[in-house]
Amino acid sequence: MTIKDPTTMPHPSKFEQEDEHLKILATELKLTYKALYEAIQPIPYIRDKLYCVDKVFIEGGSEVCVGDGTSGGTETSWVRLESYKEIYANPPGKPVRLIIQADPGFGKTTQTLQYTFNWSTGVKGSPFADVQLLIYLRLRQLRGIGSLAVAVRRYLLPKTCQLKVADIRKILENTTSVAIILDGWDEYPEMYTELGHYMSDIISARASPHHDVILTTRYLPIQIPKTARRVRLTGFDDQARDQYIRRAVVGDKDEAVEQIKQRLKDNPVLADLCQVPLFFVMFAHLAHEKEEFKKFRSVTDYLSFMIKCFHDHLRNKEGDRNVNSQCREYEGLLQELSALAYEGLSKRNQQIVWEKEGVIRRLGEGFYEHYKRLGLLIEEEVITDQTTADGSYESTTDIRFYHKLFCEWYAAYHLAELAVTLDEAELSWELRKLDPYDLQYLYRFACGLNPAAGKKIIRYLQSNGGEKFAVLCILEQTGKVDDIKETIRKLCADTILIGVQDTKLLQRSTTQLLDIASSNKIPIACLHLNRCVSEAVTAGGNILLNPGRQVQRRSSPLERIGLQVPPSSTLQTIEFTGRSRDDISEEKMIGLLAYAEKCQQLKKMTFDRGYLLPLFVPPEQIPPSLKTRNIEVHYDRGNGLVCRLNQAEGRWVVLESHKARAVSVGLRHGGNRLEQEWNAQELRLASAAGIPIDRVSIESRSPVADQSGSSLTIRSQITLPILCTLQKLDIRAHDRRMSDEEVVGILRYSAKCSALTELEFNNLGCPKTLPDCLHEAGSALTILRSRNVKVHGGIRTEYTDMAQQVLDLRSGVWEFKDD
């Protein structure tokens, strides 16, 4: 037997070793992710029934920004995505920076866990199918971490893994197909420290420029690449709710599905809250499991019921009578917990994560363990820079609430106590620390928990421009819609405005008041949506709003997610005003018409010229009930012409009551194609309806009339027929010399416009003497002369410089204009 000398045996090459390290890293990551995506907990206390993310993940709405990706302003445009798979859509070989924005509870983390599931299990058709390496990090855990490789080693790999930080760094440097998911930028503890610079560099593409990076956040980082793709999650509509109920709660039991959906309809005060996927999920499970589920008077009433369910479940599980007695005691001892929650929310930079040792010292160990078993307080391991004797890193434990809403619930007890004990001036100073936009439920809960505190808080809101929000707080305070019916009736008797300049709190308050009005049969005279309709109408038939005016927080623009306006059974008129050249696609128009159909008392829907509507809507796509119910769809072009949609033909016609008004229209080369087509369509409609056309201005390098003069075309191939009511035609040709044929065609066209009194040229090169064909009997010049049409303008001929000249209609010669 020959024994080989080890020193002469071949060693693995550098590339073979790196490839082996890559396989080890990918395998270990998949094991780590499996533990995460198989531990989804829909309700805090249900720890004995965890779900795989693929079991509970339901696609909510999502939109992609197609405007200025770095501005965060209101002039951006958002387009609905059909699938969450479209969110991560990058061209081959072009690394992407993707930012997924949403408020808490909208499913950012669940969606990223679905991505880890897809990658780990090799789901076909997944956008990550061809990614060699997927790095998933929860940013709130990365305290004291100064590099990506260190974060991967400490948080994603077991202590027994043979890979070192240097190995991971090499893998990341040499592997081109890498996707990095960074979950929760707004919770990143090193955001403003030196240690956090490496993470900012990754987001801005100064570091890891060849890797794909997906960031989830509530608000935009200060620096993002101009090429960053921004997506926002918009929550659950009716279709998504139905899918979740069937998939994760009752299966395909139609009667049970309808029971849960009916319970939501019976609770209109929860409609806004249940657009947030997390809270609809809780609602669906509780509505299915609790026979005593009831109609709630307010959101406070519902949260109180939910918390009671948590406590009841724990007591039933514990069983022991002595334990139950202690549980009941802990339910009432809320002073320290409420103070802790309030202090965290009232800080300038909110602190809603605490060190475990400090929390136990303050609350007591028994109390803390009770609320941890409830599932309302969550423990999370944070690895530190300190090492143990065996060289592994030490860790500490952070504590946070299951969701920020529960933090607001307990903080509300403390706020209510402050409101009762402080005088008006002191309370006003205290409330200035609490942004009602960000903490609307804190305000509402405090009003609902203590009526005396509610009165003082409501007075503060009413005196600081929060009248509509104050109405919702009154409802929380009394729990009786009758107490606010008269106020809502007065608001709804006038036009209800939701505008792009409104804060989200005002938008949210207004939509909730509309829900209450509709559910209580209060007529809504008119809803005016001003520049705030998103590019999307949800599959469930709701109108999706663009986020409103920016609010600054932590020196970054806080991104707000568009709210949904469901159809209202008592809405009578809805008006849409848009910004200049804001297109409404055929698909979106059909969605808005479907929305109108669901508004049972709607009489009219109107659009202004700030929106560019489709010239034609397929009649088969228009809901038949719009015609049978005589619902008018109007389009005010803003220049004296109002059109009505002929629903039988899908075309626009002039509204009879506006036929006596004169119009004036401009056409120019370039610009928005649909806008120019609509301008031409206005002229066709006005001429056909006998409406006087004061003036048509055409800006084009080459307005072309055919030789017969039957039509006039500008370079963009938009053609005007003979306009029998046109009074003045103004052609601006940008210092271009026109041929004899072009001049003949324009004059013949003008002669056929029987109402024309003036033809003006500007910056036009023209022959000094017009062709002989124009002098013949019945020619264009003869007709224009017989009607005394004035032909003049800024003319340049082969013999004269540019000057104001008049065409002699007898001789066909240009002459200088007398001053």
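**Figure 1. Eight residues of helix H17 are buried: Gln 440, Tyr 441, Leu 442, Tyr 443, Arg 444, Phe 445, Ala 446 and Cys 447.** Buried means under 20% relative accessible area, exposed over 50%, and partly exposed in between (1.4 Å probe, protein chains only). Helices (H or I, at least four residues) and strands (E, at least two) are DSSP runs, numbered from the N terminus. Because eight of its 10 residues are buried, H17 is largely enclosed by the rest of the structure. The model is predicted: local features need pLDDT of at least 70, side-chain atom pairs count only at pLDDT 80 or more, and totals for chains, interfaces and linings use all residues. Residues are numbered from 1 along each chain as its sequence is written, and side-chain values use heavy atoms, without hydrogens and water.

**Figure 2. Helix H17 packs against helix H18.** Two packed helices are described by the angle between their axes and the distance between the axes. H17 covers residues 440–449. Its axis runs 6 Å from that of H18, at an angle of about 140 degrees. Axes are lines fitted to C-alpha atoms over the stretch in contact, and angles run from 0 to 180 degrees between N-to-C directions. The two helices are therefore oblique to each other. Under 35 degrees would count as roughly parallel, over 145 as roughly antiparallel, 65 to 115 as roughly perpendicular, and the rest as oblique. H17 contributes Tyr 443, Ala 446, Cys 447 and Leu 449 to the contact (heavy atoms within 4.5 Å). From H18 come Pro 451, Ala 453, Gly 454, Ile 457, Ile 458, Tyr 460 and Leu 461. By class, 10 residues in this contact are nonpolar, one is polar and none is charged. Here Ala, Val, Leu, Ile, Met, Phe, Trp, Tyr, Cys and Pro count as nonpolar, Asp, Glu, Lys and Arg as charged, and the others, Gly among them, as polar.

**Figure 3. Tyr 443 and its surroundings in helix H17.** Tyr 443 has 0% relative accessibility and counts as buried. Residues up to four places away in sequence are not counted among its contacts. Tyr 443 then touches Leu 431, Leu 434, Asp 435, Pro 436, Ile 457, Tyr 460, Leu 461, Phe 469 and Cys 473. Leu 431 lies 12 residues away in sequence. The C-alpha atoms of Tyr 443 and Leu 431 are 9.4 Å apart.

**Figure 4. A salt bridge joins Glu 63 and Arg 232.** A salt bridge is a side-chain nitrogen of Lys or Arg within 4 Å of a carboxyl oxygen of Asp or Glu. The N to O distance in this pair is 2.6 Å. Glu 63 sits in strand E1 (residues 61–65) and Arg 232 in strand E7 (residues 229–235), so the bridge ties together parts that are 169 residues apart in sequence. Is Glu 63 buried or exposed? Glu 63 counts as buried, at 1% relative accessibility. Arg 232 is buried too, at 1%.

**Figure 5. Glu 187 and Arg 140 pair between two loops.** Their side chains form a salt bridge with an N to O distance of 3.4 Å. Glu 187 is in the loop between strand E5 (178–183) and helix H6 (197–203), and Arg 140 in the loop between strand E4 (133–138) and helix H4 (148–156), so parts 47 residues apart in sequence are tied together. Glu 187 is partly exposed at 37% relative accessibility. Arg 140, at 14%, counts as buried.

**Figure 6. Glu 424 and Arg 459 form a salt bridge.** The closest N and O atoms are 2.6 Å apart. Glu 424 belongs to helix H16 (residues 424–431) and Arg 459 to helix H18 (residues 451–462), 35 residues apart. Glu 424 is partly exposed, at 39% relative accessible area. Arg 459 is partly exposed as well, at 42%.

**Figure 7. Six residues share a salt-bridge network.** The members are Asp 242, Arg 246, Asp 252, Asp 254, Glu 258 and Lys 261. Side chains of opposite charge can pair when their charged atoms come close. The whole structure holds 31 salt bridges.

**Figure 8. Leu 759 lies in strand E31.** E31 spans residues 758–765. Leu 759 has 0% relative accessibility and counts as buried. Neighbours within four places in sequence are left aside. Leu 759 is then in contact with Leu 729, Ile 746, Leu 747, Ser 750, Val 789, Lys 790, Val 791 and His 792. Arg 695 is 64 residues away along the chain, with 9.9 Å between its C-alpha atom and that of Leu 759.

**Figure 9. The protein chain has 26 helices and 34 strands.** Of its 819 residues, 56% count as buried. Among contacts with a separation of 6 or more, 72% are between residues 24 or more positions apart.
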